[in-house]
Structure formats: C-alpha cells, structure tokens
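Work through the exercises below with the sequence and the coordinates at hand, and try each task before reading its solution.

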Amino acid sequence: RYNLHLISNGFKEACETKLEKSNLSKYFKHIFISEVIGVNKPDPRIFEFAMTTAQARAQQSLMIGDNLDADIRGAVNVGMDAIFFNPNVIEKPDDVSHMIIDLKELQSIL
C-alpha cells in the first residue's frame with residue numbers, strides 16, 4: 001500500500017545488476033541512481049529530484065537507510081522522516097529518531 005522508490009549512491013550498471021539478480025526492482029516505482037542524477041546522497045538535490053519525480057512531499061515521505069550520513073541525515077536535512085536500518089547493531093546516535101535492526105520491525109512502525 002506504499003509507493004516505494006529507491007535512491008542509491010551507486011553506479012548505474014552495478015545497481016541494475018543487483019536489482020535484477022535480487023528480483024527487487026519490481027517493487028520500486030522509481031529508481032534514482034546517483035551516477036545518473038549527478039549528485040550523491042546526502043546532497044539535498046538528489047532527495048529533491050526524487051521527491052519531484054515521485055510527486056511526493058517530504059512530510060509524507062520516509063527514508064529507510066543503513067548509512068547515517070548519506071541516508072538518515074541527508075533525508076532529515078530535507079524534511080523527511082528517516083529510519084536507520086542498523087543490522088550491525090552499532091550504538092544509536094542521539095540525533096537518530098528511529099532505528100531498526102531487522103526489516104520485520106518496519107511493520108510495527110508503519
């Protein structure tokens with residue numbers, strides 16, 4: 001019941017290969033790759049480009065990511081809520097509002 005979009009700080013060919021082999025691309029309405037967009041997360045422009053393309057507003061968007069600076073702080077800096085996916089169980093920084101260790105935990109948050 002959610003529109004999923006992917007923002008990756010990767011290279012186009014590598015991202016497409018990973019998505020194809022994992023069979024995950026079918027779940028994403030849009031896939032934004034930094035090499036194609038021309039800027040990397042946490043640059044606000046990649047988040048703004050993704051939201052504009054997806055016709056989404058920051059206040060109604062949620063970033064789920066495993067990189068504190070690129071994903072979590074990048075999203076928060078453009079007004080998005082964010083969930084830190086932390087399977088390595090590092091200590092939760094004070095500036096992180098939401099953290100999960102297992103993706104199954106998303107069900108209780110969403």
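The exercises that follow treat the overall fold, the pockets and the salt bridges.

This is a predicted model, in which local features need pLDDT of at least 70 and side-chain atom pairs count only at pLDDT 80 or more, while totals for chains, interfaces and linings use all residues. Residues are numbered from 1 along each chain as its sequence is written, and side-chain values use heavy atoms, with hydrogens and water left out.

**Exercise 1. Describe the overall fold and its dimensions.**

Step 1. Taking helices (H or I, at least four residues) and strands (E, at least two) as DSSP runs numbered from the N terminus, the protein has 5 helices and 5 strands. Read from the N terminus, their order is β-α-β-α-α-β-α-β-β-α.

Step 2. The radius of gyration, taken over C-alpha atoms and compared with a globule rule of 2.2 Å times the number of residues to the power 0.38, is 14 Å, close to the 13 Å that the rule gives for 110 residues, so the protein is as compact as a globular protein of that length. The C-alpha trace spans about 35 × 30 × 25 Å along its principal axes.

Step 3. With buried meaning under 20% relative accessible area, exposed over 50% and partly exposed in between (1.4 Å probe, protein chains only), buried residues account for 31% of the 110 residues.

**Exercise 2. Characterise the largest pocket and the second largest pocket.**

Step 1. On a 1 Å grid over the protein atoms alone, a pocket is an open set of points where a 1.4 Å probe fits, with protein on both sides within 12 Å along at least five of seven lines, and lining residues have an atom within 4 Å of a point. Grid points are joined across faces, edges and corners, and a volume is the space filled by probe spheres set on the points.

Step 2. The largest pocket has a volume of about 1200 Å³, and among its 35 lining residues L4, H5, F28, L62 and I64 lie nearest its centre. Two or more lining residues come from each of β1 (5–8), β2 (30–33), α3 (44–54), β3 (62–65) and α5 (106–109).

Step 3. With Ala, Val, Leu, Ile, Met, Phe, Trp, Tyr, Cys and Pro counted as nonpolar, Asp, Glu, Lys and Arg as charged, and the others, Gly among them, as polar, this lining has 20 nonpolar, 10 polar and 5 charged residues.

Step 4. The second largest pocket has a volume of about 260 Å³, and α1 gives the most to its lining, with 5 residues. By class, that lining divides into 7 nonpolar, 3 polar and 1 charged.

**Exercise 3. Which side chains meet in a salt bridge at 2.5 Å, N to O, and where do its partners lie?**

Step 1. A salt bridge is a side-chain nitrogen of Lys or Arg within 4 Å of a carboxyl oxygen of Asp or Glu, and the structure holds 5 of them.

Step 2. The pair at 2.5 Å is K41 and D71. K41 lies in the loop between α2 (34–37) and α3, and D71 in helix α4 (residues 68–77), so the pair ties together parts that are 30 residues apart in sequence.

Step 3. K41 counts as buried at 10% relative accessibility, and D71 counts as buried at 5%.

**Exercise 4. Analyse the salt bridge between D69 and R73.**

Step 1. The side chains of D69 and R73 meet at 2.8 Å, N to O. These residues are 4 apart in helix α4, and are therefore separated by about one helical turn.

Step 2. D69 is partly exposed at 46% relative accessibility, and R73 is partly exposed at 26%.

Step 3. A network of salt bridges links D69, R73 and D95.
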